[in-house]
Each structure stands twice: as C-alpha cells, then as structure tokens.
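Have the sequence and the 3D view open side by side, and let's walk through a few parts of this fold together.

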Amino acid sequence: MATTVDHVAADRREVGASGLGRVCLVGINYAPETTGIAPYTTAMARAWADAGAVVDVVTGVPHYPAWRVEDERYARGRSWHERDGAVALHRVRHHVPASADLRGRARMEASFLRRATPLVRRSAAGVVVAVTPSMSALAAAVTGARGRPVGVVVQDLTGRGAQESGSTGGAAASLIGRAEVALLRRCAAVGVITPQFGATLTAAGVPADRIVEVGNFTHVRPSAATRDEACARLGWDPSVFRVVHTGNMGRKQGLEHVVEAALLAAARGVTGVELVLVGSGNCRDELVAAAAGLPTVRVLDPVDAERYPLVLAAADVLLLHERPGVREMCLPSKLTSYTAAGRPVLAAVEREGIAGRQLVAADAALVVPPGDADALLAAVERLRADRGLRDRLAAAARRLGEETYGEPAARARYVGLLRGLVARTGAGVAA
C-alpha cells in the first residue's frame with residue numbers, strides 16, 4: 001500500500017460513466033489501522049473506487065489504538081504519497097499525544113487541520129467528504145471546500161463523547177458540541193451510522209432532509225477454527241472459561257471495572273475463569289498495573305488482522321464494556337465484529353444507550369449495568385453455567401450481524417451517500 005504516487009491533485013484520470021466523479025475523503029484514521037473507525041473509512045473509500053469514483057484520501061499517520069507511531073516508514077518526514085489499490089492516499093504528519101486527554105487531542109486535531117486543509121483546497125475533487133469524530137477532518141473539509149459540496153459520515157458524536165467519556169468538563173464539552181453542530185449544518189449530506197445519531201443531530205438543528213443512514217458493516221471474516229483449535233493456535237489453555245474484550249482501552253470503555261470484577265473473582269476463590277483484555281489505548285498501562293499478579297485477568301497486546309478472528313473464536317464469551325453514563329456518543333465498532341464471530345456477547349452498557357437499545361431489541365446479549373463489578377462477575381458465572389443461554393445469545397448475535405451489518409448493503413449505502421451528495425447539489429462529474 002506504500003507505493004509512491006504523484007500528488008493527489010495531479011492525478012487527473014478520466015472519470016468513467018458512473019456519474020460519481022471525483023471525491024476527496026478526509027479522515028485522520030485509515031488502514032493499516034485495524035480497529036476503531038479506520039476499517040470503515042477504508043471500506044468506504046474502496047467501495048467508491050469500485051463503483052467508479054476517483055478517490056483521493058487525505059489522512060494521518062497510523063497511530064491508533066496504541067497512540068504512538070510504530071511504523072518506521074513514518075518516523076521521519078511530513079507527508080507521504082501512497083496507493084491503496086485504486087485509492088490515492090496523501091498522509092500528513094500530525095501530533096500524536098502520549099495521553100489522549102483534552103489538551104493532547106486538541107494539539108493533534110490542530111496539527112492535522114493545519115496540514116490537511118491545504119490539500120483539500122488543492123484537490124481536484126468535485127465533492128469533499130469528512131469522517132468524524134475528528135473535528136479537524138470536518139473543519140478541513142468545510143473550510144477547504146471553497147464552494148464545493150461537503151458531506152460527512154458521523155461515526156461518533158464529538159460533543160457527546162467529550163461529555164460522556166469524562167475526558168472533558170461540561171463547559172468545554174458544550175463548546176465542542178456547538179462547534180460540531182455548526183460545522184455539520186454547513187454540510188449538504190450528513191451520514192449517520194445509527195438512527196439515534198440522526199435524531200440527536202436533528203434536535204440540535206441539523207436539517208432532517210440532509211440526514212442519510214449509512215450503518216457500518218462486519219469487516220472481519222470469522223475464523224473457521226473451533227474454539228479449542230483457536231485456543232491451541234494462540235497457546236491458550238482450553239480448560240479455562242474465557243471472557244474476551246478487544247479493541248481500544250480508553251476512558252470510554254471503563255475497563256477498570258473489569259479489573260475490579262477480576263479482583264472479586266480472585267477474592268472469592270473463583271477458578272477456571274479468565275477475563276482477557278486485548279488491545280491498546282491510553283488507559284492500558286493503568287490496567288496492566290491494576291491487573292498485576294491477578295490470576296483471573298490478562299492484558300494482552302493488540303493482534304494483527306489475521307490473528308484477530310482467532311482471538312474471537314477462542315473466546316467463550318465476548319465482552320462489550322462502556323463507562324457508566326455513555327449513552328449517545330457512539331455505537332462501538334467492535335460490535336460488528338462480535339456479531340460475526342458466533343460467540344455469545346456480554347454487554348456492560350447502559351440499557352438506554354445506543355448499544356444497549358440495539359442489543360436489547362435483538363435479544364443479542366446478556367446486558368448488565370456498567371460499572372458494577374459484582375453484576376459483571378455474576379453474569380460471567382451465569383454464562384459459564386448455562387450452555388443453552390450461551391448458544392441462544394450466540395445465535396441471536398449472529399442474526400443481528402446478518403440483518404444489520406451485511407457488507408454488500410453497507411457498501412451500497414456508502415455509494416448511495418456519494419451519489420446522493422452529487423445529485424442533490426448538482427456537482428455532476430468532477431474534473
């Protein structure tokens with residue numbers, strides 16, 4: 001994917017008969033990042049290219065969820081020109097904070113905005129699309145468009161996230177939310193991954209006729225390995241009942257409560273059960289320190305895209321965990337992967353939150369209150385004792401995935417968003 005190419009604005013290939021023209025996609029996360037928003041941004045760009053659009057992507061350096069740049073290709077330099085198949089990439093250097101707090105994120109966003117905006121301005125694309133929750137991507141798209149129509153795909157609500165994650169004070173979160181809505185109101189099309197986002201944004205003043213649903217899809221292919229085969233390939237003891245959480249380890253996930261449940265299990269002499277946290281994030285070091293010496297919990301490094309399906313297959317239960325109070329800010333990206341894995345889901349989430357409402361409606365998870373270590377441990381022991389319950393939940397999760405997160409339908413929604421943006425704004429075929 002790192003083949004050098006000319007500047008995105010200098011690539012003037014002829015646009016085919018698709019009518020989709022040329023699009024500049026702006027988002028700070030992209031492949032090879034394998035978790036969070038990057039897989040969906042990557043899939044959207046590829047879907048547009050496959051449908052005949054000329055796609056230029058302005059993105060950042062791979063850094064998530066570790067919150068550090070580990071690829072030596074990006075150790076030096078300020079920008080890189082690459083290709084992802086038919087997609088042209090222009091990566092820019094930006095600050096990557098050691099701690100993803102408000103100050104660190106603000107510095108990262110400011111640095112990306114500063115370098116991304118000129119690229120958007122110079123792009124030959126006829127339309128510009130941003131991906132949030134990166135406020136800098138949205139601001140770069142809006143300010144760099146210079147009269148061209150702008151669309152956005154809202155993966156997380158930035159203002160709600162600042163408030164519900166506990167990372168930002170109330171006044172600052174309110175200011176972020178107002179700035180977010182002001183930018184969104186300048187977009188011709190606002191794609192949302194869940195209807196609740198649309199309702200929230202409409203209530204905040206975004207015109208309802210600009211809202212387009214573009215739900216995400218399962219980007220992980222499930223492993224064909226049995227549970228025991230997957231354990232053997234990973235070197236995991238198959239006799240242990242294992243509850244696995246994957247992905248980001250940040251404030252939003254509230255994983256300190258999982259360690260509390262592991263402490264309770266150890267104190268009560270529970271054996272043969274292990275809570276496994278796989279991934280990285282700005283809270284990882286704290287979790288490692290808190291879990292030190294506990295036989296009931298392990299914190300493991302992130303795995304690559306090839307091994308990730310094995311991790312899901314080796315789990316007896318997959319854990320979705322959110323900080324208490326998280327309701328409207330996001331739909332966890334890991335949920336799409338979990339539903340494809342054929343494993344039961346245990347969700348420590350607010351029942352009235354976005355994830356909770358979806359899972360309860362589909363009866364696709366055992367839902368317990370977040371932040372309650374005793375309830376979490378009780379749910380683990382219940383699932384361990386009841387194979388029938390595990391089988392029922394696994395089947396329901398698989399149905400939810402098939403009905404809601406199918407890839408062909410999601411790709412069609414991505415293309416529909418772009419086609420609608422071009423059609424409703426009269427952008428036509430770009431240069």
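## The nonpolar core

In this predicted model, the largest nonpolar core is made up of 76 residues. Val26, Val154 and Val190 are the ones with the most contacts inside it. Helix α3 (residues 135-144) supplies the largest share of this core, with 7 residues. As general background, nonpolar side chains in soluble globular proteins tend to be buried together.

Which residues does valine 190 contact, once its neighbours within four places in sequence are left aside? They are Val152, Val154, Leu184, Leu201, Val206, Arg210, Ile211 and Val212. One of these partners, Val154, is itself among the residues with the most contacts inside the core.

## Strand β9 and its partners

Now find strand β9, residues 241-248. It is largely enclosed by the rest of the structure, because 8 of its 8 residues are buried, each with under 20% relative accessible area.

On the pairing side, β9 runs parallel to strand β10 (residues 273-280), joined over 8 bridges. To see this pairing in the viewer, look for valine 244, which stands opposite valine 276 of β10. Between the two strands the chain passes through helix α8 (residues 256-267), and this β-α-β crossover is right-handed.

Strand β9 also pairs with β12, again in the parallel sense, over 2 bridges. Here valine 243 is the residue to pick out, as it stands opposite valine 317 in β12.

## Helix α12 and its cover

Helix α12 covers residues 354-362, and its buried residues are Ile354, Ala355, Gly356 and Leu359. What lies over them? The cover includes helices α6 (195-204), α11 (334-340) and α14 (387-404), together with strands β12 (317-321) and β13 (345-348). Strand β12 thus turns up here as well as in the pairing with β9.

Just after α12 comes aspartate 363, and this residue takes a positive phi of about 50°.

## Arginine 413

Further along the chain, arginine 413 sits in helix α15, residues 407-425. Is this arginine buried, exposed or partly exposed? Its relative accessible area is 25%, so arginine 413 counts as partly exposed, the range between the 20% and 50% cut-offs.

Not counting residues up to four places away in sequence, arginine 413 touches Glu213, Val214, Gly215, Asn216 and Thr404. Glycine 215 is 198 residues away from arginine 413 along the chain, yet their C-alpha atoms are separated by 7.7 Å.

Methods: Residues numbered from 1 in each chain as written. Predicted model: local features only at pLDDT ≥ 70, side-chain atom pairs only at ≥ 80, totals over all residues. Heavy atoms only, no water. Core = buried A, V, L, I, M, F, W, Y, C linked by side-chain atoms within 4.5 Å. Buried < 20%, exposed > 50% of the residue type's maximum accessible area, 1.4 Å probe, protein only. Helix = DSSP H or I, 4+ residues; strand = E, 2+ residues; numbered from the N terminus. Contact = heavy atoms within 4.5 Å. Pairing = 2+ DSSP bridges. Right-handed = clockwise from strand over helix to strand, strands pointing away.
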